Amino acid sequence: MKLYDSLLHLFPKSFRLEYGEEMGSIFKERRAAAADALSVSSLWVEALMDVIPNALMVHWDILRQDMRFTLRALGRAPGFAITAILVAALGIGATTAAFSVTDRVLIRPLPFADPERLVKVFQAEPGYSRFEPSPAHYRDWKRMNTSFEDMGAYASVSVNLIGGGEPLRIQGTSLTANLLPLLGTSPFLGRLFAPDEDKEGAAGTVLLSHGLWKDAFGGREDAIGKTVRLDEEIHTVVGVMPPQFAFPDRSTRLWVPIRFKPGNFEDRADHFLHLVARLKKDASLLSARADMKVVNAQLKREHANENDVTVVQLSDQIPSQARLLLVALFGASLCVLLIACTNLAGLLIARSLHRRRELAVRTAL
């Protein structure tokens, strides 16, 4: 009977108080009359087929009555209804928007494999701890470190795309061929860059974002292998990235290999790269920082005016000022929600005072 009593909790409380005892007594009598296991099983199947649909019908009937009453009440006081809806919408909307931003930036993990092992490496100087290193630093740090499984580089580019319909001005990213595998990313269609496609003199290749693939090629699978012109160079489309992939940000719509020339490694003041590395499984952020300090100390002995180095987790590259601003924004939105709830409660109290005679008559009836 305890199981059947639990099943009756599918009904609203008011229904159980009125009919629950009677339904329980009938089921108890039928259970006592069941002589074998087949009869008991049939009884339980029948009980389930009876309780579940009827419980849904009772809930729907109560909901329909409540909605009809609500609409009549709101229709009698449209000014109150509109004001209450606007107050609630303002508080909920502001809080939802602020939480969405905070969740995406500060809470939600990065959409990469083992994101806690991904770090960014910067140059540093007094007063400014994060600025872009040069190709020479990328080459030396990648060669000399002992803490990273791999290190990749990227830089922002802006190109004219011709060959996928109307000419488009596209924001893209040039990156080393090892960077996307380092992130643990797989393409939606086609393949990623081959290891030799970021070498000087290699044939031009390009990866498209899912949105650009839809816009420029209509989402056709035969886009793989097509050629497009990026500025003055012909590139072959080798792959399409997944819809949710956005690196380094959502404005990026294509990726091309970055090709260093020998002259790029001569000027150590040519700061334009962003470096991403993956920690080895036995390495930590602290050990990586200590390792890079040793590497940088050696480079300081070899080169004059060498700056320091900073290693931060990829998820922590947001400045502390921006984090504080987001937290303050979310706190302010919670205050707006609290004020909206208070105002709505005041409106409801005023409305109930206005309906005192009606409520007294209802209570008497």
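Me: How much space lies in the second largest pocket of this predicted model, and which residues are closest to its centre?
Reply: Happy to start there: the second largest pocket holds about 340 Å³ of space. Its lining has 14 residues, and Glu233, Val256, Pro257, Ile258 and Arg259 are the closest to the centre. Strand E3 (148-162), E8 and E9 each give two or more residues to that lining.

Me: What makes Phe112 and Phe245 an aromatic pair, and why is it called edge-to-face?
Reply: Their ring centres are 6.4 Å apart, and the cut-off for a pair is 6.5 Å, so the two rings qualify. The planes meet at 65°; because angles over 60 degrees count as edge-to-face, the label follows. It is one of 12 aromatic pairs in the structure.

Me: Where in the chain do the two partners of that pair lie?
Reply: Phe112 is in the loop between helix H4 (78-107) and strand E1 (118-125), while Phe245 is in the loop between strand E8 (233-240) and strand E9 (254-257). They are 133 residues apart, so the pair links distant parts of the chain. Both Phe112 and Phe245 are buried, and they belong to one aromatic cluster with Tyr154, Phe247 and Trp255.

Me: How do you know that Arg253 and Asp215 form a salt bridge?
Reply: The N to O distance between their side chains is 2.6 Å. The limit is 4 Å, so the contact counts as a salt bridge. Arg253 sits in the loop between E8 and E9 and Asp215 in helix H7 (residues 210-217), so the bridge ties together parts 38 residues apart in sequence.

Me: Why is Asp215 called exposed, but Arg253 partly exposed?
Reply: Asp215 has 56% relative accessibility, and exposed means over 50%, so the word fits. Arg253 has a relative accessible area of 26%; partly exposed covers the range between 20% and 50%, so Arg253 belongs there.

Me: And what makes Asp140 buried?
Reply: Its relative accessible area is 3%, and buried means under 20%, so Asp140 qualifies. Its salt-bridge partner Arg139, with the closest N and O atoms 3.2 Å apart, counts as partly exposed at 37%. Salt bridges that share partners join Arg139, Asp140, Arg143, Arg268 and Glu306 into one network.

Me: One last thing: why can Leu48 be part of a nonpolar surface patch?
Reply: Leu48 has a relative accessible area of 38%, and patch residues need over 30%, so Leu48 passes that cut-off. Leu48, which lies in helix H3 (residues 37-76), forms the patch with Leu10, Ile52 and Leu56, and together they have about 350 Å² of accessible area.

Note on methods: Residues are numbered from 1 along each chain as its sequence is written. This is a predicted model: local features need pLDDT of at least 70, side-chain atom pairs count only at pLDDT 80 or more; totals for chains, interfaces and linings use all residues. Side-chain values use heavy atoms; hydrogens and water are left out. Patches are made of residues with over 30% relative accessible area and no salt bridge: like charges are joined within 9 Å, nonpolar side chains (Val, Leu, Ile, Met, Phe, Trp, Tyr) within 5 Å. Accessible areas come from the Shrake-Rupley method with a 1.4 Å probe; for residues, only the protein chains shown count as cover. Helices (H or I, at least four residues) and strands (E, at least two) are DSSP runs, numbered from the N terminus. Buried means under 20% relative accessible area, exposed over 50%, partly exposed in between (1.4 Å probe, protein chains only). Rings of Phe, Tyr and Trp (its six-membered ring) pair if their centres lie within 6.5 Å; planes under 30 degrees apart count as stacked, over 60 as edge-to-face and the rest as tilted. On a 1 Å grid over the protein atoms alone, a cavity is a set of points where a 1.4 Å probe fits but cannot get out, and a pocket is an open set with protein on both sides within 12 Å along at least five of seven lines; lining residues have an atom within 4 Å of a point. Grid points are joined across faces, edges and corners, and a volume is the space filled by probe spheres set on the points.
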